[in-house]
Amino acid sequence: MVYSGLFLADDGGMVRLFADKARAGVRVRILLGNPDSAEVAQRGSDEGVGESMAAQIRSALVFYRPITGVDNIEIRLHRTVLYNSIYQADDQYLINMHVYGTRAGNAPVLHLRRVAGGDMVATYAESFEKVWAQAIPVES
């Protein structure tokens, strides 16, 4: 769950990995900001990058085009204010904490692991699910 996550989409090896994992039966969910939303426009303004935030999302969508339509890959667009970006694989989570006026690449990242009885990861997982449920699917 990100606004653009362009560094992932722009990495051909990562896009191929997503496709390979999906073909092996892994569910791959990519949740990007809606480039036409007020929330993305506000974040671009807050970070001093203006409309380039929306442009980065549009670029990510272009880079993901080869894997749209692959079974087990879903891409959706959200219109939420992001307090953090969430990257998850298996029981590992990377939580990129957003800091007002600071680009995500310059903000701290927490590395969390789901453990029995722990609830910190559950909080982030629930947050992702709430945003995912209201996001709009990207059609292939």
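Strand 4 (92-97) supplies three residues to the lining of the second largest pocket, the largest share from any element. In this predicted model, helix 1, helix 4, strand 3 and strand 4 each give at least two residues to that lining. The second largest pocket holds about 370 Å³ of space. Of the 21 residues that line the second largest pocket, Ser 4, Gly 5, Phe 7, Ala 104 and Gly 105 lie nearest its centre.

The largest pocket encloses about 920 Å³. Its lining is made of 30 residues, and Phe 18, Arg 29, Tyr 87, Gln 88 and Ala 89 are the ones nearest the centre. Strand 1 contributes five residues to the lining of the largest pocket, the most of any element. At least two residues each come from helix 1, helix 2, strand 1, strand 3 (84-89), strand 4 and helix 5.

The table sets out the make-up of the two linings by residue class.

| Pocket | Nonpolar | Polar | Charged |
|---|---|---|---|
| Largest pocket | 20 residues | five residues | five residues |
| Second largest pocket | eleven residues | seven residues | three residues |

Arg 29, one of the residues nearest the centre of the largest pocket, also takes part in a salt bridge. Its side chain meets that of Glu 129, with an N to O distance of 2.5 Å. Because Arg 29 lies in strand 1 and Glu 129 in helix 5 (residues 120-134), this pair ties together parts that are 100 residues apart in sequence. Arg 29 has a relative accessibility of 24% and counts as partly exposed. Glu 129 is also partly exposed, at 38% relative accessible area.

The model has seven salt bridges in total. Another of them joins Arg 27 to Glu 74, where the closest N and O atoms are 3.2 Å apart. Arg 27 sits in the loop between helix 2 (12-23) and strand 1 (28-33), and Glu 74 in strand 2 (residues 73-78), so the bridge links parts 47 residues apart in sequence. Glu 74 also forms a salt bridge with Arg 76, the closest N and O atoms being 3.5 Å apart. Through the shared partner, Arg 27, Glu 74 and Arg 76 belong to one network.

The three members of this network differ in exposure class. Arg 27 is exposed, because its relative accessibility is 53% and exposed means over 50%. Glu 74 counts as partly exposed, at 27% relative accessibility. Arg 76 is buried, because its relative accessible area of 16% falls under 20%.

The interior also contains a nonpolar core. The largest such core has 37 residues, and those with the most contacts inside it are Ile 30, Leu 32, Tyr 64 and Ile 67. At least two residues of this core come from each of helix 1 (6-9), helix 2, strand 1, helix 4 (52-64), strand 2, strand 4 and helix 5.

Leu 32 shows how parts of the chain meet around a core residue. Leaving aside neighbours within four places in sequence, Leu 32 is in contact with Val 2, Tyr 3 and Ser 4, among others. Further contacts of Leu 32 include Ile 57, Ala 60, Leu 61 and Tyr 64, and also Ile 75, Arg 76, Leu 77 and His 78. Two of these names appear elsewhere in this report: Arg 76 forms a salt bridge with Glu 74, and Ser 4 is one of the residues nearest the centre of the second largest pocket.

Technical notes: Residues are numbered from 1 along each chain as its sequence is written. This is a predicted model: local features need pLDDT of at least 70, side-chain atom pairs count only at pLDDT 80 or more; totals for chains, interfaces and linings use all residues. Side-chain values use heavy atoms; hydrogens and water are left out. A salt bridge is a side-chain nitrogen of Lys or Arg within 4 Å of a carboxyl oxygen of Asp or Glu. Helices (H or I, at least four residues) and strands (E, at least two) are DSSP runs, numbered from the N terminus. Buried means under 20% relative accessible area, exposed over 50%, partly exposed in between (1.4 Å probe, protein chains only). A nonpolar core is a set of buried Ala, Val, Leu, Ile, Met, Phe, Trp, Tyr and Cys residues joined through side-chain atoms within 4.5 Å. Contact means heavy atoms within 4.5 Å. On a 1 Å grid over the protein atoms alone, a cavity is a set of points where a 1.4 Å probe fits but cannot get out, and a pocket is an open set with protein on both sides within 12 Å along at least five of seven lines; lining residues have an atom within 4 Å of a point. Grid points are joined across faces, edges and corners, and a volume is the space filled by probe spheres set on the points. Ala, Val, Leu, Ile, Met, Phe, Trp, Tyr, Cys and Pro count as nonpolar, Asp, Glu, Lys and Arg as charged, and the others, Gly among them, as polar.
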